[in-house]
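Here is a short report on a structure. Look at the sequence and the model first, then read on.

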2 protein chains.
Amino acid sequence: MNFSPPPFVTGLKCLICGATYPHSNILTCPSCGIEGILDVLYDYSSIDNSQFTIRNSQFSHWRYKALLPISPDLHPPFLTVGWTPVYDAKRLAKHLGIRKLFLKDDGRNPSNSFKDRASSVGVLKAIEFGFKTIACASTGNAASSLACMSAAVGLQSFIFVPSRAPEPKVTQLLIFGATVIKVQGTYEQAFDLCREACEKFGWYNRNSGTNPYLVEGKKTAGLEIAEQMKDEMPDWVVVSVGDGCTIGGIGKGLQEMKQLGFIERVPKLLGVQAEGAKPMLEAFQSGKDLVPSETNTIADSIAVGTPRNWRRAIHQIKQSNGEMIAVSDEEILEAMRVTARLGGVFGEPAGIAGVAGVKKAIQQNIIKSHESVLAVITGNGLKDVQSAKQAAGEALSIKPNIDALANALSAHLKIN
Amino acid sequence: MNFSPPPFVTGLKCLICGATYPHSNILTCPSCGIEGILDVLYDYSSIDNSQFTIRNSQFSHWRYKALLPISPDLHPPFLTVGWTPVYDAKRLAKHLGIRKLFLKDDGRNPSNSFKDRASSVGVLKAIEFGFKTIACASTGNAASSLACMSAAVGLQSFIFVPSRAPEPKVTQLLIFGATVIKVQGTYEQAFDLCREACEKFGWYNRNSGTNPYLVEGKKTAGLEIAEQMKDEMPDWVVVSVGDGCTIGGIGKGLQEMKQLGFIERVPKLLGVQAEGAKPMLEAFQSGKDLVPSETNTIADSIAVGTPRNWRRAIHQIKQSNGEMIAVSDEEILEAMRVTARLGGVFGEPAGIAGVAGVKKAIQQNIIKSHESVLAVITGNGLKDVQSAKQAAGEALSIKPNIDALANALSAHLKIN
């Protein structure tokens, strides 16, 4: 079956050598051979930005279909992806010592992470390019979102996970019917094996590090931020960084909304890595090519030693006059506590790393106290309960009578 | 501080003896002494139903503020509660052998369960009645939602959980800053101790079994179903039943929308209990008073042996010409698998019990194959990963090379 091409896509362009290609299923620039740097091009002059309005009642990221590489012949997965809420977290802002802090809770997507934006586009590209099977390697969220979206559209999915992937995420993708391959090794080994398997078995490769269409799904968070925050666009947008595809996508979305004349100014991007996995921060600071690193952090979703999208990410951060920073696991756990207790949002470690980065950036005078910030919470805390337990503290355990309660409370209040 | 009363609330009425009382903080009918049967009354003739329209851009359950017992002086918690998506789950409908099956995914609320509807109202009532501290007993979801909403509005919360509460739920409420009291006993013992503590320490009691205002929050799911499904109102609305407050609330919401002239017909309610906790089904069938039972089911959120709201629930089910049914744990696990794999929604056992009930009700000819059904998924599957693991199956574990993969897949495909 042949599908009409996405109406406003004009082709692909290599961000390194500038070579352009027609819309097609290529992952690596045939000219310079570098992966993860093909960018999807659109004819922006033909897109009517008046459709991006609160009066558009399609409250999902499909409201931006004109800016997505989606064939008009294909129905999006029926699950509601995107248009996640933005909260004005006043008490958390006060605690952090900043004028305004907004939290965009992407843990409220169908499979509870930001990655649903990418996977919902990925399954449509697989169908458009004639595949019946889709695969990816992931530390967890991309996997569970791919399993979820594949279930919604009826594709078979094969998922490669590293052995350290948290149990809730693995359970999530098994229940959605994916065939799960736990690779006894690192994320990088799972990634390489997935690519080899896609070539050998003829599966569509959803890996967002290399697939140029996936980042387009991720950019919808940037499009939404532009629309939701139009009247009080924050000075900074803060995003945790592992592979680089998420911040690269959000940056592109914001730039597009400026290009379309929808917003006047693009916020500065703050990319936040974990201290235990910060090869991109080092490349950002040195200006040299990225050197892969070991990883050691509780923030499993951003524990990426060999990011595939570092060029795209650094390009977007620099274009926004932004910055990068790294935070420790202790800072992430502390941020999980205060974001839940003062901001009402329970995020997973990687999802909350951005908030930890805000605190540190204020301390280092990168973010000024008079500025406003929007932090994207990229995943729900229930995705990784073992880490959350480290941040959460302990329950009081008592026998079922009021005296036992009074004694326990009195002891508890003495301590706390 | 004094707050204006909710503008359209005219008082409270006992569902048993008919006695009426002004709007106030009472839990038990002073006249007949039975708990869990006070109903909030409204002056419906003064409410303009034209506000319930897709053009109302407030896409949360606060769009129904006129139908909630909320003081106009109070700001709702800033978290986006309600207006959860409804999916037309075509492949799941086909699998179950029914014309239409809609899934309303209430696992997408802020703390990932239906209970956020009740807790978001509960914290406002606590503030309105002058309390600084709120407490509840819960098998988990009411607790985590109360902790979440308390964090959002800055109330102190004390939560009583039975010792078998799943770890993800306990972690969730600890991270939101609640003081958690794990009672070495059953839900009923936790419930009784919470009530005693509220009286002794002067805390506001959020227990939805007795608090007449909580069920008002729950009814917003019924209001939403009426609005979202106005043009193709299903023949049945299916809800899992533990305490009875949820189905009682949904039923009231649907009845109100009929009373307001917004819909012409109220769907039949199907209440689904677990085989291991079905005292209400027995009362429904016998027509006699409820006899408390032991509980034994993986569906912890509906494992209630002494439901407080059975009268309200049975009243609503009968008023709708509905039915009740019970499903086994095996049927719930099977429903978890097919709902995720064909419906794209990963629900917790109690949240999915409704779908298991649909299958059984079709087999028993209670629901006919030409009818349409909406099932409310009341909680996210990540809330109880241990149960989900029983339904999900196993990952393949391999060494990181393509031969190991090919061998594992070949063995896997032979088995499956």
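## Around helix H9 of chain A

A:Gly287 comes just after H9(A), and its phi is positive, near 75°. The model is predicted, so this value, like the others here, is computed from predicted coordinates.

Helix H9 of chain A covers residues 279-286. Which of its residues are buried? They are A:Pro279, A:Met280, A:Leu281, A:Ala283 and A:Phe284. The cover over these buried residues includes three elements of chain A. They are strand S11 (268-274), helix H10 (310-319) and strand S12 (323-327).

An α-helix has 3.6 residues a turn, so residues three or four places apart point the same way.

## Chain A as a whole

Chain A holds 14 helices and 14 strands. It has 416 residues, and 60% of them are buried. A compact globule with 416 residues would have a radius of gyration near 22 Å. Chain A has 21 Å, which agrees. The C-alpha trace of chain A spans about 75 × 45 × 45 Å along its principal axes.

Consider the contacts in chain A with a separation of 6 or more. Of these, 73% are between residues 24 or more positions apart.

## Confidence

The average pLDDT of chain A is 91. A score of at least 70 is reached by 97% of its residues. For the complex, the predictor gives an ipTM of 0.90 and a pTM of 0.92.

## The three-stranded sheet in chain A

In chain A, three strands make an open sheet in the order S2-S1-S3. The pairing is antiparallel. Strand S2 (20-21) and strand S3 (38-42) of chain A stand at the edges. Each has a single partner strand, so one side of each has no neighbour in the sheet.

Strand S1 of chain A, residues 9-14, is joined to S2(A) by two bridges, and the two strands run antiparallel. Opposite A:Leu12 stands A:Tyr21 in S2(A).

## The three-stranded sheet in chain B

Chain B also has an open sheet of three strands, in the order S2-S1-S3 and with antiparallel pairing. Its edge strands are S2 (20-21) and S3 (38-42), each pairing on one side only.

Start with S1 and S3. Strand S1 of chain B (residues 9-14) pairs with S3(B) over five bridges, in the antiparallel sense. B:Val9 has B:Tyr42 in S3(B) as its bridge partner. B:Lys13 stands opposite B:Asp39 in S3(B).

Now take the other side. S1(B) and S2(B) pair over two bridges, again antiparallel. Here B:Leu12 has B:Tyr21 in S2(B) as its bridge partner. The hairpin of S1(B) and S2(B) has five residues between the strands. In that hairpin, B:Gly18 takes a positive phi near 85°.

## How the two chains are related

What rotation superposes chain B on chain A? A rotation of 180° does so, with 0.0 Å of shift along its axis and an RMSD of 0.0 Å. That is the relation of a two-fold axis. The same surface serves both copies: 100% of the contact residues of chain B recur in chain A.

## The contact between the chains

How many residues does each chain give to the contact? Chain A gives 64 residues and chain B gives 64 residues. On the side of chain B that touches chain A, helix H4 (residues 167-175) of chain B gives the most, with seven residues. By class, that side of chain B has 35 nonpolar, 17 polar and twelve charged residues.

Strands also pair across the contact. Strand S14 of chain A (residues 396-398) and strand S8 of chain B (residues 179-183) run parallel, joined by three bridges. In S8(B), B:Val183 is the bridge partner of A:Ile398.

## B:Asp192

B:Asp192 lies in helix H5 of chain B, residues 187-201. Is it buried or exposed? B:Asp192 is partly exposed, because 19 other C-beta atoms lie within 10 Å, while a buried residue has 20 or more.

B:Asp73 is 119 residues from B:Asp192 along the chain. The C-alpha atoms of B:Asp192 and B:Asp73 are separated by 33 Å.

Key: Residues are numbered from 1 along each chain as its sequence is written. Chains are lettered from A and ligands numbered from 1 in the order in which they are written. This is a predicted model: local features need pLDDT of at least 70, side-chain atom pairs count only at pLDDT 80 or more; totals for chains, interfaces and linings use all residues. Two residues are in contact if their C-beta atoms, placed from the backbone, lie within 7 Å. Helices (H or I, at least four residues) and strands (E, at least two) are DSSP runs, numbered from the N terminus. Ala, Val, Leu, Ile, Met, Phe, Trp, Tyr, Cys and Pro count as nonpolar, Asp, Glu, Lys and Arg as charged, and the others, Gly among them, as polar. Two strands pair if DSSP finds at least two bridges between them. A residue is buried if 20 or more other C-beta atoms lie within 10 Å of its own, exposed if 12 or fewer, and partly exposed in between; C-beta atoms are placed from the backbone. Copies are superposed by least squares on the C-alpha atoms of residues with pLDDT of at least 70 in both. The radius of gyration is taken over C-alpha atoms; the globule rule is 2.2 Å times the number of residues to the power 0.38. pLDDT is the predictor's confidence in each residue, from 0 to 100.
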